[in-house]
Every structure is written in structure tokens, then in C-alpha cells.
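The following exercises concern a ligand site, a pocket and two points of backbone geometry. Each task is followed by a solution in steps.

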Amino acid sequence: MSATIPDRMQAVQLEKEGGLLTVGQIPVPRPGPGEVLVRMAASPINPSDLGFLSGGFGYQRELPIVPGIEGSGRVMDAGPGWLGKFLTGKRVACTKSTNSGGTWAGYMVTKASGCIPLQKNIPLEQGAMLVVNPMTAVVFFDILKQGGHTAFVNTAAASALGRMLLRLSLKRGVPLINIVRRTDQAEILRVLGAEYILVSTDADFDQKLHDLAHRLNATLLLDAIAGEFTQQLVNAAPKKSVILVYSILSGKPAQIMPNTLWHDDKRIEGFYLATWASNHNLLKILSVAQTAQKMLGSDLQTDVHKRLPLSSIREGLDLYQKNMTAGKILLVIDSQEVSISA
Ligand SMILES: NC(=O)c1ccc[n+]([C@@H]2O[C@H](COP(=O)([O-])OP(=O)(O)OC[C@H]3O[C@@H](n4cnc5c(N)ncnc54)[C@H](OP(=O)(O)O)[C@@H]3O)[C@@H](O)[C@H]2O)c1
């Protein structure tokens, strides 16, 4: 298989802090022990990519680097190790390894354990968006069950992940309070069947959230916003709630008065899928991936707003940041594997 691998590839690069992304030709990397070489087919732009580019999500990176955290493609070569050999030739969903180049390139070297073989019925387009959101949605439902929570709250709820959580909550009969920041986002969720939607800019939002969270006993509160919003969630939460901070969309540190946790035995925890994965064995990760794949064409499907070639990365980032709720910008890297006009 290595005979078909070229010496150079097209790649997006972040060359200096705060600098514009460039698109050019760079050498194709070679896999080392425990690694594989994936010929990339497609990759979305996610909030975590914006964090990676700005240096805001605590990612380690040495510049210049190819960004892009998740995607899909075909494993073309492997370094020493049984898993890489097993994956060679297979279509996979894949994630970037720490300190190596990412998915916005013709090829990516990553850990073999960072690849999920795709079932035959999963197109590479949806496969490119299997890991970050669908697997997180499945894990959140595990956390809900293990914590004995019977209702929950989500924030930035019109996001791709928010819509997945909503569809799963409706299917599984678990009440979900969806918090959005605009009324048009509330409408999107209403059309999907949401019963409980709160708009955080409403004057009586805090009181409404407090009352509803207590009425439904929503003791798991998923916080994608952080900043001052974390305190609002803590204030509204019933006794013994867990506030799970899983993103920093406000760009600000989560702020809380510790005494607002003590009296009612509330807790703040963090969640990051990569850390969750490093704390679980391969079998558990594959089982979550399998569950996610089964629903990838339905409850865990991601809407794509626009498909663009790698060379249009700057346009893609602009478009995405102007309207994240509209759906993902999908970078189509191999148009023979993923249609750019679909
Ligand atoms: N910790 C983990 O392992 C993990 C895993 C998966 C996802 N996540 C997080 O989950 C969140 C959703 O991801 P996604 O890919 O589903 O997002 P997405 O589809 O790209 O949508 C992002 C949503 O966040 C909203 N938003 C942006 N900034 C906001 C702010 N300051 N306050 C309130 N809402 C804001 C956007 O609304 P507008 O259109 O109004 O901007 C949009 O609805 C992200 O924060 C992501 O980092 C974390």
C-alpha cells in the first residue's frame, strides 16, 4: 500500500501565534511505532479547533503545525504494532495525536488507538464527525445513568452536540432543559420536539431555570459556556447537583463563589473526551464508538452547512464563526471519497 503514498501533500498550517493560516505543500509524514498514516477524506471545523488555533483550550502545540482535531479517511500505512497492521486498508474516523499534525491535510499520522474503524454503512462524511460530538453524547448519557440523575440541563443547546442530546433525551424519556442564547435557536429546538427551552437573555431567566430545575430535579448541569454562567447554573441547581463544565465558549474562566457549593452539597467537575478516553480501555472506547455509529444516520447525525476544499480554510473559518448554529463547515480533502457538492 505504501507504493501509492506521495512524498508531498496539501496542508493547512498555523505558522505563528495569531497568524493567518496558510495552505501549501509539505512532506507527507511517516508513521512510527504504534502509529498509522491516514489518507484524509474530510474534517469538520469544531469549537475545539477554534480553541486550538487561538491557543485558548490549553492544547500543547509546537509551530508550525497542521490544525484539525477530527476527521475520516483510509489507513494507508502503519508503523510497528498489531493495531496499526489491523487497521491498514480500513476506513476510519480519526483524531489528532498530541504534538503531531492534525486532520486538515492530505495525510495525517496519528496513534492507531486514535482511530475507529467505520462500519460499512457509515459514509466518510458523517464518519468525519463521529468522535467529538456523537461519542460525547453517548458518554454524557453514561454519566447521567451512573450518577443516578433523572433529568438534566444543557447549555449552548442549539449546537450539534445539543441537538444530539435533545434527540436522545426524547427517545429515552429523560427530561432535558435546553438553554440557548437567542429566540431563533429556541425555535430550532422546538421544531425538534424540545419541551423545556430557556433563553438565557430573558430577564427572568435565572428564576425560570431555578424553578424548572427544581421541579424536574435536574441534578446534572452541562456547562459549555463557563465565565459567569457557571455561577448562574450553580445558583439554579437543586441540592447535590453536579455542574459538569465541558467547554469555554465564553472564553472566560468559570467563576463561582465556593460557598454556593458547600451548603447544598453541589459539585463542579470538568469533562474532556480525550481525558475520558485515556481513563478507559480500548474495549469501552470501541463500545461507545459502536453505539454512536448505530445512531450516526439518525439521532447522532450532524448537519453540514457548507462543504469546502482545504484551500478555502479561511473562508470556512469566517463562515463558521459568523453562524455556528447553522451547522458544520466540512473540509472535503478527498473529493473522490466525499462529495463536495452533496
Ligand atoms: N469537552 C469535550 O470533550 C467536548 C466534546 C464535544 C463538544 N464539546 C463542546 O461542546 C460545545 C458544542 O460543540 P458543537 O460542535 O456541537 O458546537 P457547534 O455545533 O459548532 O455550535 C456551537 C454553538 O455554541 C453557541 N455559542 C457559541 N458561543 C457561545 C456563547 N458564548 N454563549 C452561548 N452560546 C454560544 C453557538 O451559537 P451562536 O450561533 O449564537 O454563536 C452554537 O449554537 C462546544 O463548546 C464544544 O467545545 C466539548
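Helices here are DSSP runs of at least four residues, numbered from the N terminus. The model is predicted.

**Exercise 1.** Identify which residues come nearest to the ligand, and describe their contacts with ligand oxygen atoms.

*Solution.* Step 1. A residue belongs to the surroundings of the ligand if one of its heavy atoms lies within 4 Å of it. There are 25 such residues, and those that come nearest are Arg182, Leu273, Tyr320, Thr325 and Lys328.

Step 2. Consider the side chains. Arg182 places a polar side-chain atom 2.4 Å from a ligand oxygen atom. For Lys328, an N or O atom of the side chain is 2.6 Å from an oxygen atom of the ligand.

Step 3. Consider the backbone. In Leu273, a backbone N or O atom lies 2.6 Å from a ligand oxygen atom.

Step 4. Turn to the cover. On its own, the ligand has 930 Å² of accessible area, of which the protein covers 91%.

**Exercise 2.** Determine which helices and domains supply the shell around the ligand, and classify its residues.

*Solution.* Step 1. At least two shell residues come from each of helix H4 (131–146) and helix H5 (160–172). H4 gives the most, with three residues.

Step 2. Domain 1 (2–129 + 302–332) and domain 2 (132–275) each contribute at least three residues to the shell.

Step 3. By class, the shell holds 14 nonpolar, eight polar and three charged residues.

**Exercise 3.** Characterise the second largest pocket by its volume and its lining.

*Solution.* Step 1. The volume of this pocket is about 330 Å³.

Step 2. Its lining comprises 14 residues; nearest its centre lie Gly19, Leu21, Leu53, Leu317 and Gln321.

Step 3. Helix H1 (47–54) and helix H12 (313–322) each provide at least two lining residues.

Step 4. The lining divides into seven nonpolar, five polar and two charged residues.

**Exercise 4.** Locate a cis peptide bond and a positive phi in a residue other than glycine.

*Solution.* Step 1. Recall the usual case: most peptide bonds are trans, and most residues other than glycine have a negative phi.

Step 2. The peptide bond between Leu63 and Pro64 is cis, with omega about 0°. Pro64 is in the loop between H1 and strand S4 (70–78).

Step 3. Asn217 has a positive phi, near 50°. Asn217 is found in the loop between helix H7 (205–216) and strand S11 (220–223).

Notes:
Residues numbered from 1 in each chain as written. Predicted model: local features only at pLDDT ≥ 70, side-chain atom pairs only at ≥ 80, totals over all residues. Heavy atoms only, no water. Polar contact = N/O pair within 3.5 Å; in protein donor to acceptor, adjacent residues only side chain to side chain. Areas by Shrake-Rupley, 256 points an atom, 1.4 Å probe, with all protein chains shown as cover. Nonpolar A, V, L, I, M, F, W, Y, C, P; charged D, E, K, R; others polar. Domains from an automatic or database assignment. 1 Å grid on protein atoms, 1.4 Å probe; cavity = no way out; pocket = protein on both sides within 12 Å on 5 of 7 lines; lining within 4 Å. Points joined across faces, edges and corners; volume = space filled by probe spheres on them.
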